[in-house]
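Visitor: I would like to take a close look at a single part of this protein, with the charged side chains as the topic. Please begin with the chain as a whole and then go on to the details.

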Amino acid sequence: MTVTVHGRPSAVLLSPDDLEALKETIAILSDDAAVRQLATSDAELARGEGESKEDLAAAMGRRRALAQHDRDL
C-alpha cells in the first residue's frame with residue numbers, strides 16, 4: 001500500500017512477511033558469490049542439467065534412510 005502526501009508517494013506499507021522477503025533478497029543480491037552461484041545454476045538449468053523432482057525425492061529418501069540407520073546403531 002502506498003501512502004501519498006498531496007498526491008505524491010511518500011511511504012509504502014508492507015506486511016512483515018514481505019519485508020522479511022525483501023531483506024533476504026537484498027542479502028542474497030549483496031553477496032557476490034551467491035549471485036555467481038545463482039547465475040551458474042540458471043545456466044545449468046537452461047542446458048537441461050538440473051535434477052528431476054523424482055531424482056531429488058529419491059536422493060532425499062536415501063539420505064533419510066541413512067540417517068535413520070545411523071540413529072538405530
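In what order do the elements of the protein chain run from the N terminus on?

Guide: Before anything else, please keep in mind that this is a predicted model. From the N terminus on, the elements of the protein chain follow the order β-β-α-α-α, and the secondary structure thus amounts to 3 helices and 2 strands. The chain is more spread out than a compact globule, because its radius of gyration is 21 Å, well over the 11 Å that the globule rule gives for 73 residues. Taken along the principal axes, the box that the C-alpha atoms fill is roughly 70 × 35 × 25 Å. Of the 73 residues in the protein chain, 0% are buried, and the chain exposes about 6600 Å², with carbon and sulfur atoms supplying 58% of that area.

With this picture in mind, we can turn to the charges. The protein chain carries 9 positive and 14 negative charges, and the mean positions of these two groups lie 1 Å apart. On the surface there is a patch of negative charge, in which D17, D18, E20 and E24 gather. One of these residues, E24, belongs to helix 1, which covers residues 16–29. E24 counts as partly exposed, because its relative accessibility is 47%, and a residue must be over 50% to be called exposed.

Another acidic residue, D32, has its place in helix 2, made of residues 32–46. D32 has a relative accessible area of 55%, and therefore it is exposed. It also helps to see how D32 is placed with respect to L19: the two residues are 13 residues apart along the chain, and their C-alpha atoms are separated by 22 Å.

Finally, let us look at a pair of opposite charges. The count of salt bridges in this model comes to 1, and here the side chains of E49 and R47 meet, with 2.8 Å from N to O. The two partners fall into separate classes of accessibility: E49 counts as partly exposed because its relative accessibility is 45%, whereas R47 counts as exposed because its value is 53%. When you turn the structure, you may therefore follow the charges from the patch that includes E24, through D32 in helix 2, to the salt bridge between E49 and R47, keeping in mind that buried residues make up 0% of the chain.

Terms used
Residues numbered from 1 in each chain as written. Predicted model: local features only at pLDDT ≥ 70, side-chain atom pairs only at ≥ 80, totals over all residues. Heavy atoms only, no water. Patch = residues over 30% accessible without salt bridge, like charges linked within 9 Å, V, L, I, M, F, W, Y side chains within 5 Å. Areas by Shrake-Rupley, 256 points an atom, 1.4 Å probe, with all protein chains shown as cover. Salt bridge = Lys/Arg side-chain N within 4 Å of Asp/Glu carboxyl O. Lys, Arg positive; Asp, Glu negative; His and termini not counted. Charge placed at Lys NZ, Arg CZ, Asp CG, Glu CD. Helix = DSSP H or I, 4+ residues; strand = E, 2+ residues; numbered from the N terminus. Buried < 20%, exposed > 50% of the residue type's maximum accessible area, 1.4 Å probe, protein only. Rg over C-alpha atoms; globule rule 2.2 N^0.38 Å.
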